[in-house]
Amino acid sequence: MDYDYMKPASMKEVFTLLKEYGPKATLIAGGTDVMVNIRNRELSPEVLISLRGLHELRYIRKNDGYHIGALTTHRMLEQSDMVKGELSALHDAASQLGSVQVRNVATVGGNICNAAPSADTAGPLLALDATVVLEGPDGRRSVPIADFFTGPSKTVRKGDEVLVEFHIPEAPGRFGSAYWKHARRRAMDLPLLGLAVGLALSESREIFDARIGLTVAAPVPMRAHKAEEFLKGKPLEAEVLEEAGEIASSEASPRDSLRSKAWYRREMIAVFVPRMVRLAAERIRDK
């Protein structure tokens with residue numbers, strides 16, 4: 001397939017190109033998703049607008065919460081001590097995505113904008129209550145990541161907007177998180193199910209706050225709100241966690257696919273919610 005490749009050096013140039021080419025253009029960051037979609041003829045752009053020249057969108061910072069640039073690679077997330085220690089679920093996901101070669105080029109912004117139900121970083125960002133920052137010719141706007149996805153491969157991003165940053169609020173008190181990628185084999189396979197938990201505990205180990213992010217459990221990455229509400233104020237006990245897993249399973253709407261049956265995904269949600277809550281709690285204890 002023939003297409004023109006353009007590499008602007010500034011956001012202003014990006015917006016000019018998007019205005020000029022409109023729906024004929026596709027943005028490309030790391031390219032690990034876009035190029036596969038082009039090869040599979042699921043995408044047929046006339047123009048590829050590369051964001052690789054926008055080096056200012058490649059960063060991990062802590063200041064009034066955590067700020068992660070859209071062009072930050074998964075390898076950068078994997079190698080960040082701050083992400084590993086304070087945003088553990090995101091580190092879990094980034095370190096399991098593809099191979100090292102893929103992680104060196106694949107970006108977190110691209111992973112989220114591709115909006116696959118199986119996006120590895122979507123579950124952790126949901127569990128960490130992240131906000132997506134979009135920039136267009138008229139300025140910036142922020143969207144909670146829970147509201148960002150509208151369907152498989154569809155988001156609220158407008159055609160003249162670029163995802164520029166993720167903002168993660170700093171959780172109060174004793175907080176930990178964890179992510180599990182359930183797959184037939186590690187790293188190089190897509191998840192059959194992804195499950196992330198963000199957990200805050202009181203000094204008496206009562207659950208102060210809980211967030212559960214699920215992927216491959218619905219047409220879009222989702223929060224298990226009913227299970228989260230059930231956990232709040234409860235003790236960290238096996239019976240409580242098991243019931244929360246059953247509630248989360250009932251909230252999901254997975255589908256049958258060639259890779260897994262819906263009933264199996266539901267059963268695994270019930271299994272892994274308690275496990276990830278316990279792992280998040282262990283990480284709080286170890287801090």
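Modeller: Let's start with a term we will need: a pocket is an open set of grid points with protein on both sides within 12 Å along at least five of seven lines, and its lining residues have an atom within 4 Å of a point. Keep in mind that we are reading a predicted model.

Biologist: Thanks! How much space lies in the second largest pocket, and which lining residues lie nearest its centre?

Modeller: The general idea is simple: rolling a probe the size of a water molecule over the atoms shows where empty space is left. In this structure, the second largest pocket holds about 180 Å³ of space. Its lining is made up of 14 residues, and those nearest the centre are Tyr 66, Glu 86, Ala 171, Phe 175 and Lys 287.

Biologist: How do the lining residues of that pocket divide into nonpolar, polar and charged?

Modeller: Eight are nonpolar, five are charged and one is polar.

Biologist: Glu 86 caught my eye there. Which residue forms a salt bridge with Glu 86?

Modeller: Side chains of opposite charge can pair when their charged atoms come close. Here the partner of Glu 86 is Lys 62, with 2.8 Å between the closest N and O atoms. Lys 62 belongs to strand 4 (residues 60–62) and Glu 86 to helix 4 (residues 81–86), so this pair ties together parts that are 24 residues apart in sequence. As for their surroundings, Lys 62 is partly exposed at 40% relative accessible area, and Glu 86 is also partly exposed, at 29%.

Biologist: How many salt bridges does the structure hold?

Modeller: There are 14. Take Glu 135 and Arg 140, whose closest N and O atoms are 3.0 Å apart. Glu 135 has a relative accessible area of 17%, so it falls under the 20% limit and counts as buried. Arg 140, at 53%, is exposed.

Another pair to look at is Arg 141 with Glu 161, where the closest N and O atoms are 2.7 Å apart. This pair links distant parts of the chain, 20 residues apart: Arg 141 sits in strand 7 (residues 139–144), and Glu 161 in the loop between strand 9 (154–155) and strand 10 (162–168). Arg 141 is partly exposed at 28%, while Glu 161 is buried at 6%. Elsewhere, Asp 209, Arg 211, Glu 229 and Lys 232 are joined into one network by salt bridges that share partners.

Biologist: Let me turn to the strands. Is strand 12 mostly covered or mostly open?

Modeller: For a strand, it helps to look at each face in turn. Strand 12 (residues 193–201) is mostly covered, with nine of its nine residues buried. One side carries Leu 193, Leu 195, Val 197, Leu 199 and Leu 201, the other Gly 194, Ala 196, Gly 198 and Ala 200, and all of these are buried.

Biologist: Which strands pair with strand 12, and in what sense?

Modeller: Strand 11 (residues 174–182) runs antiparallel to strand 12 and is joined to it by nine bridges. Within that pairing, Gly 176 has Leu 199 as its bridge partner. Strand 13 (residues 207–215) also pairs with strand 12 in the antiparallel sense, over eight bridges, and there the bridge partner of Ala 196 is Gly 213. Five residues lie between strand 12 and strand 13 in their hairpin, where Arg 205 takes a positive phi near 65°.

Biologist: What about loops: are Ser 260 and Asp 120 buried or exposed?

Modeller: A loop residue has to be judged by its own accessibility. Ser 260, in the loop between helix 10 (238–251) and helix 11 (262–286), is buried at 7% relative accessible area. Leaving aside neighbours within four places in sequence, Ser 260 is in contact with Arg 184, Leu 192, Arg 255 and Arg 265.

Asp 120 lies in the loop between helix 7 (108–114) and helix 8 (122–127) and is buried as well, at 6%. With the same neighbours set aside, its contacts include Asn 111, Tyr 179 and Lys 181.

Biologist: One last residue: where is Ile 49, and what does Ile 49 touch?

Modeller: Ile 49 is in strand 3 (residues 47–50) and is buried, at 0% relative accessibility. Not counting residues up to four places away in sequence, Ile 49 touches Met 6, Pro 8, Leu 17, Leu 18, Ala 25, Thr 26, Leu 27 and Ile 28.

Methods: Residues are numbered from 1 along each chain as its sequence is written. This is a predicted model: local features need pLDDT of at least 70, side-chain atom pairs count only at pLDDT 80 or more; totals for chains, interfaces and linings use all residues. Side-chain values use heavy atoms; hydrogens and water are left out. Helices (H or I, at least four residues) and strands (E, at least two) are DSSP runs, numbered from the N terminus. Buried means under 20% relative accessible area, exposed over 50%, partly exposed in between (1.4 Å probe, protein chains only). Contact means heavy atoms within 4.5 Å. Two strands pair if DSSP finds at least two bridges between them. On a 1 Å grid over the protein atoms alone, a cavity is a set of points where a 1.4 Å probe fits but cannot get out, and a pocket is an open set with protein on both sides within 12 Å along at least five of seven lines; lining residues have an atom within 4 Å of a point. Grid points are joined across faces, edges and corners, and a volume is the space filled by probe spheres set on the points. Ala, Val, Leu, Ile, Met, Phe, Trp, Tyr, Cys and Pro count as nonpolar, Asp, Glu, Lys and Arg as charged, and the others, Gly among them, as polar. A salt bridge is a side-chain nitrogen of Lys or Arg within 4 Å of a carboxyl oxygen of Asp or Glu.
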